[in-house]
Amino acid sequence: MEGNIEIKSKPRRQVIIATDGSETANEAADFGIEMIGCSGAKVYAVYVIDTTPYRSVPLDKIWSDKVLGEFEKEGREATSYIEKIGKAAGVEVESRVLKGHPAEKIVTFAEDNNIDMIIMGSLGKSGYERVLLGSVSEKVIRHAKIPVLVVRERHKSEKKLIQE
């Protein structure tokens, strides 16, 4: 058995950075791109247009092409931030704008594309705010079959200290 060592190469890692375009999502993207760095992983920047309030009615009856176009533009802007910081860090980023329930679409996309990890931001809402609004990150954590990294929003006082 001397001298014959077989090394199997692992397939290239793939990571989702989910965004809604918020400052917290951008903080998560910054952290994710920095963490991935030179690992050679491919990043999917994913934005989901939330259509859940309209599940029982076909979208074409509610949203005109103009309204849907605005949401898609917002999604492209949100994912372009991740593309920009990825390019600066030498990380390959591919953007996707999806439609549906955000948590469901993120988890399904991860399963369908052999994703290794999901990175996303969280506003850290608690109590009645979370009950009323729901928490996309919490739902992703509960349903994803892969690791999920949730980057919490920095407290405003921390942001001020960092900028000085």
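Guide: A nonpolar core is a set of buried Ala, Val, Leu, Ile, Met, Phe, Trp, Tyr and Cys residues joined through side-chain atoms within 4.5 Å. The model discussed here is predicted.

Visitor: Which residues touch the most other members of the largest nonpolar core?

Guide: This core has 16 residues. Strands β1 (14–19), β2 (42–50) and β4 (117–122) each give two or more residues to the core, as does helix α4 (102–112). The residues that touch the most other members are I16, V46, I106, F109, I118 and V140.

Visitor: Which element gives the most to this core?

Guide: Four elements give two or more residues: β1, β2, α4 and β4. The top contribution is five residues. It comes from α4.

Visitor: What is I16 in contact with, leaving aside neighbours within four places in sequence?

Guide: I16 is among the core residues that touch the most other members. Its contacts include Y44 and V46. The rest of its contacts are I106, F109, A110, I115, M117, I118 and I119.

Visitor: How many residues are in the second, separate core?

Guide: This core includes I17, A28, A29 and I36. Its residue count is 15.

Visitor: Is I33 buried or exposed?

Guide: I33 lies in helix α1. Buried means under 20% relative accessible area. The value for I33 is 4%, so I33 is buried.

Visitor: What separates the C-alpha atoms of I33 and G90?

Guide: Along the chain, I33 and G90 are 57 residues apart. Not counting residues up to four places away, I33 touches I17, V43, I82, I85, G86, A89, V91 and V93. The C-alpha separation of I33 and G90 is 9.4 Å.

Visitor: Are α1 and α3 roughly parallel or roughly antiparallel?

Guide: The axes of α1 (residues 23–36) and α3 (residues 65–89) come within 10 Å and cross at roughly 25 degrees. Angles under 35 degrees count as roughly parallel. Therefore α1 and α3 are roughly parallel.

Visitor: Which residues of α3 meet α1?

Guide: The crossing of α1 and α3 is right-handed. By class, their contact has six nonpolar, two polar and one charged residues. From α1 come N26, A29, D30 and I33; from α3 come Y81, I82, I85, G86 and A89.

Visitor: Which residues of α6 make the contact with α4?

Guide: α4 and α6 (residues 136–143) pack at about 40 degrees, with axes 8 Å apart. That angle makes α4 oblique to α6. On the α4 side are P102, A103, I106, V107 and E111. On the α6 side are V136, K139, V140 and H143.

Conventions: Residues are numbered from 1 along each chain as its sequence is written. This is a predicted model: local features need pLDDT of at least 70, side-chain atom pairs count only at pLDDT 80 or more; totals for chains, interfaces and linings use all residues. Side-chain values use heavy atoms; hydrogens and water are left out. Axes are lines fitted to C-alpha atoms, for helices over the stretch in contact, and angles run from 0 to 180 degrees between N-to-C directions. Angles under 35 degrees count as roughly parallel, over 145 as roughly antiparallel, 65 to 115 as roughly perpendicular and the rest as oblique. A crossing is left-handed if the near helix is turned anticlockwise from the far one by less than a right angle, and right-handed if clockwise. Contact means heavy atoms within 4.5 Å. Ala, Val, Leu, Ile, Met, Phe, Trp, Tyr, Cys and Pro count as nonpolar, Asp, Glu, Lys and Arg as charged, and the others, Gly among them, as polar. Buried means under 20% relative accessible area, exposed over 50%, partly exposed in between (1.4 Å probe, protein chains only).
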